[in-house]
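Thanks, everyone. Please have the sequence and the structure open while I talk. I'll take one strand, then the ligand.

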Amino acid sequence: MALVVQKYGGSSVSDAHSIKRVAKRIAATKRAGNDVVVVVSAMGDTTDELLDLAGQITPLPPQRELDILLTSGERISMSLLAMAITNLGVKAKSFTGQQAGLMTDAVHGRARLVDVVPHRIRETVEKGQVAIVAGFQGVSSTNDVTTLGRGGSDTTAVALAAGLDADVCEIYTDVDGVFTADPRIVPSARKIDRVTYEEMLELAASGAKVLALRAVEYARRYDVPVHVRSSFSNTTGTLVTGTHGDAIDPNAPAAEQEETQMEAPIISGVAHDRSEAKITVVGVPDKPGTAARIFEVVAGAGANIDMIVQNVSAAHTGLTDISFTLPHADSPGTLAALNALQEELGFASLQYDDQIGKLSLVGAGMKSHPGVSARLFGALRDAGINIEMISTSEIRISVVTREDALDDAVRAIHTAFDLDSADGEAVVYAGTGR
Ligand code: ADP
Ligand code: ASP
Ligand code: MG
C-alpha cells in the first residue's frame, strides 16, 4: 500500500461539476488500495477575485487581513471536495492549514514553513479516511493565519508529502505536465518526461508557474519525487527528481554515470514572466558606494530585485544610469523610498516602465555548450525583437524585451533551439491563464 499526496489546482476544481469529477479520481485512488492525502487550491480564479475585491476597498490592504481573506478560498474548495468524496461512499474529512499542522513564520503574504506537524492528517489516514487539506495556508507562532505566496498549494503538497514520508507527490493541473514552454503561448511545446530539481528550479524561478518555486526548493531539500500531470487525462506527466534517469547508480564508475547523464538534453525549456517592471535611476554619480546605497534603500523597501544593469558613465559628466527589474507589486514602495532620498542619493530622475517581459532559456547542458547565447540573440534579431537587458547564470540566459513582443520572442527561441514537437499541439484542458 502506498501513501499518495495529490494536489488539485484551481482550474481542476473550478465549479461543482469539476469538484465531483476530481472526487471520483480520489475515490478511485483510495479504492485501489492507497492511503490518500489531498491538497486543494481555491476554485478557479477565486484568489485573484478576492484580491480584486480587497483592491476595491483599499489600495493597500493590511497584510494580515488580506491573508485571512485569501485563505477563505481554499476553505470553500476543501469542504465541498470532502462532501463530494463522502457522497461516493468514501470517508473524507477536510482540514485548514492550521489544523493540518503547517507552521510558518509571520511574514504575511509570503510566509515560510518552519515546521510541519501533521498529526491529525496521519490519524485520519490511519482510520482509512481521505484527508483533504486547504492549500496555500499555515499558521504563525502568534496564531495568525498566513499564506505561502501565489501558487503556494504546490508547497503545501510537497511539504505534507515530506512530512508524511509519502511515496509520491502528484500535482494535478490543467496541462499534461511540464512542457518546453507554456503551451498557452507555444502550442508546439513538447512535454518533458523527466526534469531535475535543478532545472525545474530555474524554470520556476524564471516564471514557469506550472510548479511554484518554493515547492521545488522544498522537494529538492527533502528529496520528494514530484509527478506533474493533468487532472483531465490519464496521461503520464513529468517526473521531477534528482536525476534525468533512474539508471544512475551513485556507486557506479564515473564513466558510466557520465554516460547516463549524457542523455540529458542541452536545453530544458523557455520560461517567460510578465510580472516584473523596470526602474531606471537616471544620472547617478559614478563613484564607489553609490550602488550600495541605492540597493540598501531598495532592500529597505522590501523589494525583491532580479536583474541589474549599470551603464558606462558619460566621460564629461561622470554620471551613469542604473536599471533594475522587480515585481510590479514591489514597485510603488520602491519608487517612493528612492524619491524620498533623491537629494542624498544624488540622482537626476527616476524612470518607471511596467511594459516589459522577460524570457529565459534554461538547461543544465548549457554550461558545456558554447554558442548558446549567440544562437538566442540571432533568433531574436531574425524575429526583429530588441533586447533591453541580459543576465546569465551557468544554466540560464534571460533577456528583457517589450511586453508586447514577448510571446513572439518565446516562440522564436523555442523554434531556434529545435524544441518544437513533431507530434501535434499540446493540450490546454482548462483554466484562464490568469
Ligand atoms: P493550477 O491551477 O493547477 O495550480 P497553474 O495555472 O498554477 O495551475 O499552472 C498551470 C499553468 O502553467 C498551465 O496552464 C500553463 O499555462 C502554465 N505554464 C507556464 N509554463 C509552463 C510550462 N513550462 N509547462 C507547463 N505549463 C506551463
Ligand atoms: N489559490 C492560491 C493562488 O491562486 C494558491 C494556489 O493556487 O496554489 O495562488
Ligand atoms: Mg499553480
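Start with Val5. It stands opposite Cys169 in strand β9. Keep in mind that this is a predicted model. The pairing behind that contact is parallel: strand β1, residues 3–8, meets β9 over 5 bridges.

Now look at another partner of β9. Strand β11, residues 226–230, also runs parallel to β9, and 5 bridges join the two. Here Thr173 of β9 stands opposite Ser230.

So is β9 buried or exposed? Buried. The strand covers residues 168–173, and 6 of the 6 are buried, so β9 is largely enclosed by the rest of the structure. Check both faces. Val168, Glu170 and Tyr172 point one way. Cys169, Ile171 and Thr173 point the other way. Each of these residues is buried, with a cut-off of under 20% relative accessible area.

Thr173 brings us to the ligand. Which residues are closest to ligand 1? Thr173, Asp174, Phe179, Asp182 and Arg184, out of 18 that surround it. That shell divides into 8 nonpolar, 5 polar and 5 charged residues.

Next, the polar contacts. The side chain of Lys7 has an N or O atom 3.1 Å from an oxygen of ligand 1. Lys7 falls within the residue range of β1, 3–8. Phe179 uses its backbone: a polar atom there is 2.9 Å from a ligand nitrogen. For Asp182, a side-chain N or O atom is 2.8 Å from a ligand oxygen. How much of ligand 1 does the protein bury? Taken alone, the ligand exposes 570 Å², and the protein buries 90% of that.

Terms used: Residues numbered from 1 in each chain as written. Chains lettered and ligands numbered in written order. Predicted model: local features only at pLDDT ≥ 70, side-chain atom pairs only at ≥ 80, totals over all residues. Heavy atoms only, no water. Buried < 20%, exposed > 50% of the residue type's maximum accessible area, 1.4 Å probe, protein only. Helix = DSSP H or I, 4+ residues; strand = E, 2+ residues; numbered from the N terminus. Pairing = 2+ DSSP bridges. Near = heavy atom within 4 Å. Polar contact = N/O pair within 3.5 Å; in protein donor to acceptor, adjacent residues only side chain to side chain. Areas by Shrake-Rupley, 256 points an atom, 1.4 Å probe, with all protein chains shown as cover. Nonpolar A, V, L, I, M, F, W, Y, C, P; charged D, E, K, R; others polar.
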